[in-house]
Amino acid sequence: MLITFLPEIILFCCLPVMVLVRIFRTSATPKTYFTLSKYFMLFSVLLSIILYNKSELPEIYDNSRYTTLFKSLVFLFSFVWFFLAYRWFLHEERSSFRYFMLGICSLICLNVIISAHNFALLWGALAINAVMVYFLILRRLDEERIFVVAHRYAGFAAFFLVLMAAGMAIFYHRLGNLNYRDVFSFLHQSTDIPQLYLYASAMILSGMLFFMAVAPFHFWFLDVVRYSILPVGGYLTLVPGLAYFAAFCAMIVNVFFPIYGHFQQPLIIFAVASLFLGAVGANGEKNILRLFAYGSVFNIGFILISLITFSADSLFSSFVYLLVYLMSMLGIYTVFLGFKSQGRYVFELREFAGIAKLKAYLAAAFLMFLVSLIGSPPMLGFLGKLSVINNLVLEHHFYLVAVTLLSLILMANAYLIVVKTVYFDSPIMNFDRIDKSIYICLTLNLILVVISLVQPRFLMSGFERMPIRVF
Amino acid sequence: MSSNFYLLSVIITLPFLGMLFVLSAKNDEKTGGRNVYNVSLFTVIANIVLILRLFSRLDVKSSALQLVERFTWLENPRIDIVLGVDVFSALLLLSIHIAFIIGFIAVRHNRIQQKSMMVFALLFLSQLTGFLVAADIFSFYIFFEAMLFPVFMLIGIFGDIRRQGIMYRFFLYNFLGAVVLFLATIILYNYQNGAVEISKVASLSFNGKIEHFMWASILISFLSRIPVWPFHFWISSVSSSIKNPLVFIIVNLIPLTGIYGLIRFLPQTFPASAAFYITALEIIGVVTMLFIALIGFINRDTQYKFFSYITVYYIMYMLGLLSKNNLIMLNVGFSFFSYLIIVAGLEFVSSYIRSQQEKLELGTEGLLCPVPRLAFVYSFLVLAAIGLPVSSLFLNNFLIISSLLGNNFSLGITVVCALVLSSGALLGDLYRLKDNSAFCPEKGCIMDISKPYFFFMAFIIFVLIASFIRPLWFLGM
């Protein structure tokens with residue numbers, strides 16, 4: 001049993017060490033906590049890879065290539081973002097102790113969410129993670145509205161967790177346990193599924209859709225990203241999505257596949273709603289964080305629309321899109337960390353006016369990531385768009401192709417408004433000197449993008465077998 | 001160079017590498033943008049040398065794609081990037097590069113955003129080159145869409161006060177066209193279970209709705225680049241808002257991509273269901289042509305007259321292609337060679353005149369009288385532009401008009417009217433500029449072009465005349 005949870009246990013050990021450092025080390029800086037997190041994360045991910053198929057409790061906790069892939073990606077994105085977050089805390093001269101503590105706790109939960117093959121375990125991890133996110137949101141001290149936002153998030157998260165719990169209780173009442181395998185067997189063997197179990201399944205899935213910020217359950221995400229501090233907004237945009245995606249796919253394929261036909265139409269509606277709400281919302285947005293939060297909702301819609309049939313191809317194409325989108329968003333958030341004027345980070349669109357004239361390299365990187373998000377060749381985003389649209393055409397969902405491409409044009413218009421502001425408007429303020437670490441991260445990200453673009457096999461090789469593992 | 005040398009890849013990559021060098025070059029007040037300019041010019045000249053080398057390896061008598069290079073880009077879905085070239089695309093490559101050189105020389109003394117201009121110009125050149133040597137539908141689409149971005153940036157940087165609206169118009173029309181082509185590409189790809197070479201698209205047969213959808217998508221995507229109603233709004237706005245000669249030349253190369261797409265994709269025999277659309281397209285095309293030629297004739301703005309001339313000719317090429325006359329298809333390549341150089345040359349000279357005129361606050365009447373070198377170059381280019389026998393354009397006009405008159409007399413006559421109007425517009429402008437009676441030396445005179453510029457333009461004139469005498473003169477054919 002120990003070996004099953006060893007990566008999570010190692011990560012958990014980071015927490016008391018951090019507490020001890022806080023107590024006994026007088027000069028604990030953000031770098032200290034980042035260094036601690038870094039080594040524990042590294043050790044944990046190495047163990048995840050070494051023990052990729054070791055699971056003594058396969059009925060409730062699965063360790064496989066599929067879960068290891070997602071865990072590794074979660075660690076990779078967390079590592080990069082924690083590095084940038086530590087630079088943020090250093091410049092802001094604020095304590096990062098709680099941020100890294102909550103971040104590590106959240107990572108443990110995300111690991112469990114990825115591997116969970118039992119609804120109770122999944123629910124527990126989701127609930128604890130929601131609490132961590134709640135406290136992470138509250139890390140912002142200079143904004144009164146943050147309490148409203150955090151409480152609203154907590155309220156809705158609690159509501160959807162209760163909804164999920166109710167759905168799970170219905171299955172538990174019937175089966176006596178909540179293992180994926182047993183629920184799957186029950187749904188698979190029943191020729192005529194009673195309505196009650198369909199409702200129960202819908203309750204569970206709606207909870208997952210809420211955490212994934214799929215429209216119409218996306219409302220919490222926009223304000224959370226807008227009002228929380230940048231390290232938290234970036235973390236919530238980049239990291240949990242991977243775990244939720246992995247858990248959602250595993251849940252549909254391993255549990256609800258026999259009744260998936262009942263949910264396909266609602267999922268299409270949610271996906272289309274996400275696409276258009278995201279695209280239309282982004283077009284009217286003046287705050288850059290909210291604009292990209294709308295962009296995230298749009299991208300979630302794109303991923304969901306690709307997933308619709310839950311075939312091996314659709315899973316692979318949506319995964320490629322997710323990865324490409326996250327790489328671009330990582331670049332975008334890295335750029336945000338460089339846009340600072342008189343010690344204050346700028347997030348209003350009008351404040352971005354003419355940045356290209358003042359910070360040419362940063363603006364150029366920003367532009368490249370924006371073009372990638374539009375999905376225009378030759379940028380990496382094209383790979384994601386190609387993968388999704390090709391899959392939809394293969395499955396003869398031509399009307400979905402039309403809807404997706406129409407929303408893409410709308411979304412591209414929103415990004416072009418940003419490009420126009422950054423490049424063609426006159427600057428209205430001066431910008432501070434940029435931290436070298438931001439340049440390093442951007443350069444590395446761009447090198448990765450270029451390599452992936454020239455040789456997408458580096459990006460995609462091995463991942464093609466990923467769907468085989470989930471089924 | 002060894003036989004397996006990736007010449008086409010190098011020709012695409014070189015402007016891109018040049019762009020990277022330009023990015024790293026200094027562009028401060030001390031250097032006055034010289035570094036940036038020299039690197040850009042050297043890149044294009046180096047590419048011209050490579051293109052000439054490419055010609056020496058081409059079998060010019062063969063219409064098949066040659067020097068084919070194939071790279072596997074993606075495993076799943078399997079996508080191979082195939083590059084290849086024939087005489088037609090090689091001629092276009094050469095003329096585009098010469099047009100770029102002319103554009104670069106025209107912005108020699110530009111001090112505004114020189115670095116940005118050169119970066120995006122070289123990026124565009126790289127992508128346009130890739131587009132012209134793309135031999136499979138995926139690489140064709142990739143370059144087709146990718147070239148929009150540098151143009152968007154150039155319009156944003158060098159457009160006038162109306163640029164915001166113009167940029168969105170440009171984006172809306174062209175991005176929509178690219179999206180439609182993307183869809184057609186994906187369907188073609190899946191329909192054929194793998195990458196399809198462009199040369200085979202024309203001979204593919206589809207069934208029912210797919211056939212309608214495919215051809216409608218392909219036509220719309222290419223028409224979005226050609227200034228035909230209702231797709232012409234973006235290009236007329238852009239052309240009238242751009243005063244920078246290099247950017248003007250670049251923007252007016254966009255319709256070329258639409259015409260080139262039509263040449264590559266149009267089926268050898270139109271499906272019966274397409275007959276109505278072709279007729280509708282011919283009517284729309286000819287009405288747009290006449291309308292724009294008329295506006296160009298009435299308008300006194302030289303820039304708009306050029307736009308009118310360029311549009312009329314692009315539509316004429318399109319109508320010629322729709323007539324499915326093989327002789328015309330062959331001739332279009334030779335004709336484009338002169339046409340692109342003439343357009344770039346005219347823009348170079350007119351931007352020079354405009355800048356001098358604005359500097360001295362002079363009217364246009366008699367402006368060319370005291371400047372013999374400029375007057376000679378401008379007069380020659382105008383005469384070549386209207387199709388007099390001084391360039392390969394003459395033969396093209398002759399062939400297209402005779403073919404159109406033979407196929408559909410009323411259509412042919414309308415085209416002739418439009419051509420006469422656009423030629424009249426250019427000649428009227430030339431007459432005004434050379435009107436001795438209106439010349440007043442007391443008001444001041446513009447400066448003639450310098451001797452190096454004149455010799456350069458004389459060389460361009462020599463190239464045009466040579467293209468009239470023997471289209472493949474540089475190959476000794």
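Visitor: Why is A:Glu93 called exposed?

Guide: A residue is exposed if 12 or fewer other C-beta atoms lie within 10 Å of its own, buried if 20 or more do, and partly exposed in between, with C-beta atoms placed from the backbone. A:Glu93 has 8 C-beta neighbours inside 10 Å, so A:Glu93 counts as exposed. The model is predicted: local features need pLDDT of at least 70, side-chain atom pairs count only at pLDDT 80 or more, and totals for chains, interfaces and linings use all residues. Residues are numbered from 1 along each chain as its sequence is written, while chains are lettered from A and ligands numbered from 1 in the order in which they are written.

Visitor: What makes the backbone at A:Glu93 notable, and where is A:Glu93 found?

Guide: Most residues other than glycine have a negative phi. A:Glu93 is not a glycine, yet its phi is positive, about 55°. A:Glu93 is found in the loop between α3 (65–92) and α4 (97–115) of chain A; helices (H or I, at least four residues) and strands (E, at least two) are DSSP runs, numbered from the N terminus.

Visitor: Is B:Leu67, which also has a positive phi, buried or exposed?

Guide: B:Leu67 has 20 other C-beta atoms within 10 Å, and therefore counts as buried. Its phi is near 50°, and its place is in strand β1 (residues 66–74) of chain B.

Visitor: What makes the bond between A:Ala215 and A:Pro216 a cis peptide bond?

Guide: Omega is about 5° for the bond that joins A:Ala215 and A:Pro216. Most peptide bonds are trans. A:Pro216 is in the loop between α8 (195–212) and α9 (219–227) of chain A.

Visitor: How do you know that helix α6 of chain B is mostly covered?

Guide: Of the 11 residues in α6 (residues 148–158) of chain B, 10 are buried. Among them are B:Phe149, B:Val151, B:Phe152 and B:Ile155.

Visitor: Why does the largest nonpolar core lie between domain 1 and domain 2 of chain B?

Guide: A nonpolar core is a set of buried Ala, Val, Leu, Ile, Met, Phe, Trp, Tyr and Cys residues joined through C-beta atoms within 7 Å. The largest has 343 residues, and A:Ile113 and A:Ala247 have the most contacts inside it. Domain 1 (1–268) and domain 2 (271–477) of chain B both give residues to this core, so it lies between them; the domain bounds come from an automatic or database domain assignment.

Visitor: Which residues are in contact with A:Ala247, leaving aside its neighbours within four places in sequence?

Guide: Two residues are in contact if their C-beta atoms, placed from the backbone, lie within 7 Å. Apart from those sequence neighbours, A:Ala247 is in contact with A:Ile113, A:Ile114, A:Ala116, A:Leu122 and A:Met208.

Visitor: How many residues of chain A are in contact with chain B?

Guide: Chain A has 20 residues in contact with 22 residues of chain B. α18(A) gives the most to the side of chain A that touches chain B, with 8 residues.

Visitor: Why does the radius of gyration of chain B agree with a compact globule?

Guide: The radius is taken over C-alpha atoms, and the globule rule is 2.2 Å times the number of residues to the power 0.38. For 477 residues a compact globule would have a value near 23 Å; chain B has 22 Å, which agrees. The C-alpha atoms of chain B fill a box of roughly 75 × 55 × 50 Å, taken along the principal axes.
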